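Biologist: I'd like to go through this model with you and ask how you know what you say about it. Can we start with one helix and work outwards?

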Amino acid sequence: MKNSPYQFINLDSFPLVPKGTEAWQRLVDIHKSELEARGASIMKSVIKQDILKRMTVEADAVVPESFACRDSHNPFLDQDDLSLSEDHPRRQKQSTSLNSIPYDIISPAHALHQLYNWEPLKDFLSAVLGHKLYKMADPMAALTMNVMNENQNHGWHYDESQVTITLMVQKPESGGIFECVPNLRNEEDDQYSKLGSILDGDQNGILSLPVEPGDILIFAGFYSLHRVTHVKGDQTRYVATLCYKDKPGVMNSAEVQQIFYGRVNQG
Ligand SMILES: [Fe+2]
């Protein structure tokens, strides 16, 4: 068990092994109902502090190889729709500045790599989401560490996937807050008028999620508008995204890889 993700987890509060015990099922039920009711659930302090330090050191070592993503995008992350008026919320540009460390430069010896590949975590998250999850097949997007330094941010957007799973590894001195508007849109309605006022600075309905280092956030980012505010201070904000999909073999296109990682790796 030495150097196994088994030892990364605070098992007293998160009995992720063995699978299927009463305690395990209770935990699944808690996170499942929170996710359904609020569009987000946080596994508080699931990863031990010493492992977070190790993940930070391992990330620091590969930051020089990370990709600098400087993007201007609308909240839907899609093409600008020229048929709409210029002031339409759908056409409002958001700027994002962060660096990303893709999976193919994260060593299998690194704690984050081992955690992502640990079956008991995938089994637990599958049970919370109510369907079997598979590791994403994309050699870069499957696991990404987002790196944000002073004055970097992630603008308002919706995610492409229904549910996003992130692990906060290191928090900045201040700023870098994860803000969201739960279920702002739904299948039938993009709620453009509410979206417009939030993009114009209205604070109504915005929640700051209390995410701390060691927490895993399970977040329904497809319906909930969200952003990360500007980071302040010298300490880097490190947040990993663990990408699991509901079917095997899912890859990003070469075009999407080029945008997010500055190169193509189709495995
Ligand atoms: Fe997102």
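Modeller: Sure, and keep in mind that the model is predicted. In H4, the buried residues are Leu 121, Phe 124, Leu 125, Ala 127, Val 128 and Leu 129.

Biologist: What makes Phe 124 of H4 buried?

Modeller: A residue is called buried if 20 or more other C-beta atoms lie within 10 Å of its own. Phe 124 is among the buried residues of H4, so it meets that cut-off. The cover over the buried residues of H4 includes helices H1 (22-38) and H3 (111-116), plus strands E7 (164-170), E11 (216-219) and E15 (244-245).

Biologist: And what follows H4?

Modeller: Gly 130, with a positive phi near 85 degrees.

Biologist: Which helix gives the most to the largest nonpolar core?

Modeller: The core itself has 63 residues, and Leu 112, Leu 143 and Val 169 have the most contacts inside it. Helix H4 (residues 119-129) gives the most, with six residues.

Biologist: How do you know that Val 169 is in contact with Leu 52?

Modeller: Contact needs C-beta atoms within 7 Å. Leaving aside neighbours within four places in sequence, Val 169 has Leu 52 on its contact list, along with Met 55, Thr 56, Ala 59, Pro 213, Tyr 238, Val 239 and Ala 240, so each of these pairs meets that limit.

Biologist: Why are E6 and E10 said to stand at the edges of their sheet?

Modeller: That open sheet runs E6-E12-E9-E10, with antiparallel pairing. E6 (154-157) and E10 (207-208) each have a single partner strand, so one side of each is left without a neighbour in the sheet.

Biologist: What makes E9 and E10 a pair?

Modeller: Pairing takes at least two bridges. E9 (residues 178-181) and E10 have two, in the antiparallel sense, so they qualify. Cys 180 has Leu 207 in E10 as its bridge partner.

Methods:
Residues are numbered from 1 along each chain as its sequence is written. This is a predicted model: local features need pLDDT of at least 70, side-chain atom pairs count only at pLDDT 80 or more; totals for chains, interfaces and linings use all residues. A nonpolar core is a set of buried Ala, Val, Leu, Ile, Met, Phe, Trp, Tyr and Cys residues joined through C-beta atoms within 7 Å. A residue is buried if 20 or more other C-beta atoms lie within 10 Å of its own, exposed if 12 or fewer, and partly exposed in between; C-beta atoms are placed from the backbone. Helices (H or I, at least four residues) and strands (E, at least two) are DSSP runs, numbered from the N terminus. Two residues are in contact if their C-beta atoms, placed from the backbone, lie within 7 Å.
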